[in-house]
Amino acid sequence: MTARFTRGFGAAFVYVLATQAAYADLTANDVWTDWKDYLASTGYTVTGDEQSSGNSLTISNLSVEMPIPEDEGSFAITMDALTFAENGDGTVDITMPDNIPMTFFTDADDEGPVSVALTYAHSDTAMTATGSPEDVTYAYASSRATMELTSLSIDNEPMPEDMLRILVAIENIDTKTRLLNGDLRTYSQQMTADAVIYDVAFDDPDSEDMGSFKGAMQSVSVEGTGAIPADMEPNDFNATLESGFSVDATVAYGAGNAAFEGVGDGEVFSFASSSQGGSFGVKMDADRIAYDVEQKQSSISMQGGELPVPVEIAAAVSAFNLSMPVRKSEEDQDFSLGLNLSEFTMSEMLWSMIDPASQLPRDPATVMMDAVGKGKMLFDLLDPQESALIEQSGKPPAEISALTINKLLVSLVGARLSGTGDFTFDNSDMVTMDGFPRPTGYIDLQLVGANALLEKLSAMGLVADEEVMGARMMMGLLAVPGDEADTLNSKIEINSQGHILANGQRIQ
């Protein structure tokens, strides 16, 4: 229910705040008609009183409502008046109320009916649409736009105003969107905002639990393209994807910060984070989904609760990317996975718990991985029914047929492991590797500083002498000395017979 509601809410909210008349012809009436048709195609019921005056069309008592599937509730947006005004030069201005109420009601919770009221408010707003029904460009700008929780009731009982506070504000928002109207409504959009600010707080009236979460992102920008089917299936996201829905968007920001402090189970807890910029990208269509996340110069501090000491960590770069197929296929499809944690550091107080004598180097740590491969999904990942069947059967959801490690790097406490590799997998042979598809390929590894690290760990009492000896024997079996001091090189191969070789010598 939650996922379906979120997608439906997004469709209506984006339409109201961004596209208001993006599909407009050069007349106000055509703008309104197309808006109604769009909302109806996504599962909404639209009602309102229409009144024309000259070159303007005003919709009074406007209500846009969507029922939640299985009669579990509803979501609605209301406006006192919405006006479309023709300017006589091929453009149409759209005017909305300064405050737009939104309500969400559900009776699916065990605690009884839940009713939530939100208000979208904006000031110094200008919206203009230009173009033709098939190709429309519009602009939306506001000096400040906010979404705020105005009331909450549970089991028909109004909750205290200070029980929950939610406020999200966008400063100086400016958007430009071009839409091409057809069987698929394709769009491209650019948005900028000086800042996005959020302020959330709660105070449980039945206990001492409370908390406050505040933060902001500066210099926010959004670049995106996508497609929306003319006849969406609001209660079936998989069918919507099959109909052509797609999105390719990237959100970037110049700097960010967040802070949380609260009390839970009698324990005081606080958290703070900051970064000097970052981005989040997502791509999705019927065939695949991809994420690309990065933060620069990020730091986190935590204290209280069950933490024995304050925690402070930081990294120059924190990044993650994933691209994978989501549709069942008989043919191999590409996937990729990347991780980058560069120049990771932690406070001396944390180090002192691990290494009070300061025997280990405090050099910043780095972990990197870049891998690509091929495989096939054995079910439609975004189909809830197929997902449930796979979960019940206990069968693997996918098969991997190839994996290439373009880069592997782990550098910390004075040691450095790096490598590359390339493998193929035979999924018809699950016996040779005891339930895992038989691999064929190699991995090249280089380990620097291992012996020095073992000596330090032994001196600290973290590794026993016999364990050090065993580790060195294993490294002698799997690796050969490199040209530099305390350097080991190793090439591990698995051939087509399932034999494992280390530097050309069979070990299994």
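How do the residues of the lining of the second largest pocket divide into nonpolar, polar and charged? The answer is 12 nonpolar, one polar and one charged. The model behind this report is predicted.

**The pocket**

The second largest pocket holds about 260 Å³ of space. Its lining has 14 residues, and those closest to the centre are Leu417, Leu445, Leu447, Met475 and Leu488. Several elements share the work. The strands β21 (398–412), β22 (415–426), β23 (438–448) and β25 (487–494) each supply at least two residues of this lining, and so does helix α7 (465–478).

Helix α7 also contains valine 468. Valine 468 has a relative accessible area of 7%. That value makes valine 468 buried, because buried means under 20%. Valine 468 and asparagine 451 are 17 residues apart in sequence. In space, their C-alpha atoms are 9.0 Å apart.

**A nonpolar patch**

Now to the surface. Phe320, Leu339 and Val367 make a nonpolar patch of about 220 Å². Valine 367 belongs to strand β20 (residues 365–377). Its relative accessibility is 31%, so valine 367 counts as partly exposed.

**Salt bridges**

The whole structure has 13 salt bridges. The table lists three of them, with the N to O distance for each pair.

| Basic residue | Acidic residue | N to O distance |
|---|---|---|
| Lysine 176 | Aspartate 174 | 3.5 Å |
| Lysine 374 | Aspartate 334 | 2.5 Å |
| Arginine 362 | Aspartate 355 | 2.7 Å |

Take lysine 374 and aspartate 334, which form a salt bridge. Aspartate 334 lies in strand β19 (residues 333–346) and lysine 374 in strand β20, so the pair ties together parts that are 40 residues apart in sequence. Aspartate 334 is partly exposed, at 43% relative accessible area. Lysine 374 is partly exposed too, at 37%. Strand β20 thus appears twice in this report: it holds valine 367 of the patch and lysine 374 of this salt bridge.

Next come lysine 176 and aspartate 174, whose side chains meet in a salt bridge. Lysine 176 has 45% relative accessibility and counts as partly exposed. Aspartate 174 has 32% and also counts as partly exposed.

Is each partner of the arginine 362 and aspartate 355 bridge buried or partly exposed? Arginine 362 is partly exposed, with a relative accessible area of 25%. Aspartate 355 is buried, with just 1%. The cut-off explains the split: under 20% is buried, so aspartate 355 falls below it, while arginine 362 does not.

Some salt bridges join into a network. Glu242, Asp287 and Arg327 are linked in this way.

Conventions:
Residues numbered from 1 in each chain as written. Predicted model: local features only at pLDDT ≥ 70, side-chain atom pairs only at ≥ 80, totals over all residues. Heavy atoms only, no water. Patch = residues over 30% accessible without salt bridge, like charges linked within 9 Å, V, L, I, M, F, W, Y side chains within 5 Å. Areas by Shrake-Rupley, 256 points an atom, 1.4 Å probe, with all protein chains shown as cover. Salt bridge = Lys/Arg side-chain N within 4 Å of Asp/Glu carboxyl O. Helix = DSSP H or I, 4+ residues; strand = E, 2+ residues; numbered from the N terminus. Buried < 20%, exposed > 50% of the residue type's maximum accessible area, 1.4 Å probe, protein only. 1 Å grid on protein atoms, 1.4 Å probe; cavity = no way out; pocket = protein on both sides within 12 Å on 5 of 7 lines; lining within 4 Å. Points joined across faces, edges and corners; volume = space filled by probe spheres on them. Nonpolar A, V, L, I, M, F, W, Y, C, P; charged D, E, K, R; others polar.
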